[in-house]
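This report walks through selected features of one protein structure for a reader meeting it here. Please keep the sequence and the model at hand while reading.

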Amino acid sequence: HQNANDCITMFKNKHITLKFVLLVLLFLTSLYVFWYIANETIHEKEDRFDINIIAFRAAYAGPELVGVMKIITFFGSMKFLLVAYIILIIVLLFKRKYRHSIVISIIPLGASGLSALFKESFYRPRPELTLITRPTDYSFPSGHALSSFVFCSILAYLVWHSTLQSLWKWLITALLLLLTLSIGMSRIILNVHFTTDVIGGFSLGIMWMILAYAIS
């Protein structure tokens, strides 16, 4: 529990690092964005932003882009992530990083639980006329955005705690960020989520990963 001990030590010494401040600000910003979307788009039924994005997508998303997005969206699905997590945990166990393997087993389960909880709480219907099979669960927040962000964040954490050179760490992190953003975009282009669903999913993912980092 090194991260938790570090936080306790900072408070005891009345010394707060820049990293701690940035994490708190990021958490609070994500919380505000999530609350704002939930209040404005779901409770207040303010959907002009989502409608404008849907109209833009319909005008410019051609068959080629849709085909690419159908491939990209797979990498945020449970079919892919379940296999990826199993492989990752096996590798960590092989390297005798038992604590990491346990934590990485718990974090995605918690994220899935949060996604299911909020979907059932807000019960926002999916967009009409989806370009792939219409999911049967509710729309807000996007599970693909949340799950892909969590997975890519875990990989980025492991990369930054590896022996790779800094250049490779930055490059891999940038690619992981691009991947999770692309998965979120694929849900919008395929019209299985509203844009605010995806933003909400990313906001929830940021909050969950900051909490997981703080208590792990």
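Arg96 lies in the loop between helix H5 (78-94) and H6, and the model in which it is seen here is a predicted one. The phi angle of Arg96 is near 65°, a positive value in a residue other than glycine. Arg96 is also exposed, since its relative accessible area is 65%. As background, most residues other than glycine have a negative phi, and most peptide bonds are trans.

Lys45 likewise departs from that background, with a positive phi of about 60° although it is not a glycine. Lys45 is found in the loop between helix H2 (18-43) and H3, and with a relative accessible area of 62% it is exposed. A further departure concerns a peptide bond, for the one from Phe140 to Pro141 is cis, with omega near -5°. Pro141 belongs to the loop between H6 and H7.

**Aromatic pairs**

Phe140 also takes part in an aromatic pair, and the structure holds 17 such pairs. The ring centres of Phe122 and Phe140 are 5.2 Å apart and their planes stand at 80°, so this pair is edge-to-face. Because Phe122 lies in helix H6 (residues 98-122) and Phe140 in the loop between H6 and H7, the pair ties together parts that are 18 residues apart in sequence. Both Phe122 and Phe140 are buried. Elsewhere, ring pairs link Phe74, Phe75, Phe80, Tyr85 and Phe151 into a cluster.

**Salt bridges**

Side chains of opposite charge can pair when their charged atoms come close. The structure holds six salt bridges, and the table sets out some of them with the distance between nitrogen and oxygen.

| Residues | N to O distance |
|---|---|
| Asp50 and Arg124 | 2.9 Å |
| Arg124 and Asp197 | 2.7 Å |
| Arg134 and Glu128 | 3.9 Å |

How are Asp50, Arg124 and Asp197 linked? These residues are joined in a network of salt bridges. Within that network, Asp50 forms a salt bridge with Arg124, with 2.9 Å between the closest N and O atoms. Asp50 lies in helix H3 (residues 48-60) and Arg124 in the loop between H6 and H7, so the pair ties together parts that are 74 residues apart in sequence. The side chain of Arg124 also meets that of Asp197 in a salt bridge. Since Arg124 lies in the loop between H6 and H7 and Asp197 in helix H9 (residues 195-215), this second pair ties together parts that are 73 residues apart in sequence.

Are the members of this network buried or exposed? Asp50 has a relative accessibility of 3% and therefore counts as buried, while Arg124, at 8% relative accessibility, counts as buried too. Asp197 is buried as well.

The salt bridge between Arg134 and Glu128 involves residues with other degrees of exposure. Arg134 counts as partly exposed because its relative accessibility is 37%, and Glu128, at 57% relative accessibility, counts as exposed.

**A buried arginine without a salt bridge**

Arg187 is found in helix H8, and although this residue is buried, it has no salt bridge. The nearest side chain of opposite charge, that of Asp137, is 7.0 Å away from Arg187, whereas a salt bridge requires the side-chain nitrogen to be within 4 Å of a carboxyl oxygen. The side chain of Arg187 does make a polar contact with the side chain of His144, at 3.5 Å.

**Nonpolar residues at the surface**

Which residues form a nonpolar patch on the surface? The patch is made up of Leu164, Trp168, Leu171, Leu175 and Leu178, which together have about 500 Å² of accessible area. Leu164 is placed in the loop between helix H7 (143-160) and helix H8 (166-189), and with a relative accessible area of 38% it is partly exposed.

Another leucine, Leu109, lies in helix H6 and counts as exposed because its relative accessibility is 63%. Leu109 and Ile132 are 23 residues apart in sequence, and their C-alpha atoms are 26 Å apart in space.

Methods: Residues numbered from 1 in each chain as written. Predicted model: local features only at pLDDT ≥ 70, side-chain atom pairs only at ≥ 80, totals over all residues. Heavy atoms only, no water. Patch = residues over 30% accessible without salt bridge, like charges linked within 9 Å, V, L, I, M, F, W, Y side chains within 5 Å. Areas by Shrake-Rupley, 256 points an atom, 1.4 Å probe, with all protein chains shown as cover. Helix = DSSP H or I, 4+ residues; strand = E, 2+ residues; numbered from the N terminus. Buried < 20%, exposed > 50% of the residue type's maximum accessible area, 1.4 Å probe, protein only. Phe/Tyr/Trp six-rings, centres within 6.5 Å; stacked < 30°, edge-to-face > 60°. Lys, Arg positive; Asp, Glu negative; His and termini not counted. Polar contact = N/O pair within 3.5 Å; in protein donor to acceptor, adjacent residues only side chain to side chain.
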